[in-house]
Amino acid sequence: MKKYLIVGLGNIGDKYENTRHNIGFKILDFFAKKEGLTFETQKLGDVTEYKLKGRTFIFLKPSTYMNLSGKAVLYWLTKEKIPLENLLVITDDLNLPFGSIRVKAKGSDGGHNGLKDIQDKLNTTKYNRYRFGISDTFSKGRQVDYVLGEWTEEENDKLNERLEKSVELIKSFGLAGLSNTMNSFNGK
């Protein structure tokens with residue numbers, strides 16, 4: 001049985017729940033609700049399992065806060081003996097328009113502290129990531145407020161369709177592989 005670790009980045013706590021920075025948590029929560037899965041608090045995060053066509057997806061929402069996500073990712077990769085190529089990290093991206101999808105096999109942290117910590121703990125930039133566009137419509141010096149701010153009404157109206165697309169993307173990653181997923185979803 002092939003195993004995959006799907007990590008949604010975010011910050012724990014009610015005050016962060018509906019913020020742009022928590023899109024990784026939001027996507028995994030949406031997937032879990034849709035499929036009737038329940039997260040359990042375990043070591044370094046909330047975890048649930050999803051089985052599909054001979055594959056096991058382990059969903060992880062690290063409880064280490066965003067900037068220390070690498071510790072949880074490394075722990076669960078090692079514990080579950082999941083190869084690095086079966087890791088997918090879901091994160092927000094300021095450099096993409098709202099709702100845009102970009103799946104990549106490697107890359108820089110792009111100034112994202114969660115990705116920076118994962119890169120440090122895994123000692124590589126070669127891990128799969130799904131960047132969800134949150135756009136950059138904030139005034140100079142207001143980046144932190146924007147990222148930790150809640151979705152606008154207009155964004156909320158469009159979010160469900162984007163969350164559905166994210167569920168399809170995660171399933172595709174496990175069933176069709178990274179290349180096919182990139183071809184099917186990037187820019188959509």
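## Exercises on a seven-stranded sheet

In strand β5 (residues 87–93), 7 of the 7 residues are buried, so the rest of the structure largely encloses this strand. Keep in mind as you work that the model is predicted.

**Exercise 1.** Work out which residues of β5 lie on each of its two faces, and whether they are buried or exposed.

*Solution.* Begin with the general pattern: side chains in a regular strand alternate between the two faces of the sheet. Next, sort the residues of β5: Leu87, Val89, Thr91 and Asp93 fall on one side, while Leu88, Ile90 and Asp92 fall on the other. Finally, apply the cut-off, under 20% relative accessible area for buried. Both sets are buried, and both faces of β5 are thus covered.

**Exercise 2.** Find the strands that pair with β5, and trace the bridges through valine 89.

*Solution.* On one flank, β1 (residues 2–8) and β5 are joined by 4 bridges in the parallel sense. Pairing between β5 and β7 is parallel too, with 6 bridges. Now follow valine 89: it is the bridge partner of valine 7, and its own partner in β7 is arginine 129.

**Exercise 3.** Lay out the strand order and identify the edges of the sheet.

*Solution.* The sheet is open, with 7 strands in the order β2-β3-β4-β1-β5-β7-β6 and mixed pairing. β2 (40–42) and β6 (101–104) each have a single partner strand, so they stand at the edges with one side lacking a neighbour in the sheet. On average, neighbouring strands are turned by 25° against each other, direction ignored. To finish, look at the β6 edge: 4 bridges link β6 to β7 (residues 128–133) in an antiparallel arrangement, and valine 103 has tyrosine 130 in β7 as its bridge partner.

Definitions and conventions: Residues numbered from 1 in each chain as written. Predicted model: local features only at pLDDT ≥ 70, side-chain atom pairs only at ≥ 80, totals over all residues. Heavy atoms only, no water. Pairing = 2+ DSSP bridges. Axes fitted to C-alpha atoms, helices over the stretch in contact; angles between N-to-C directions. Buried < 20%, exposed > 50% of the residue type's maximum accessible area, 1.4 Å probe, protein only.
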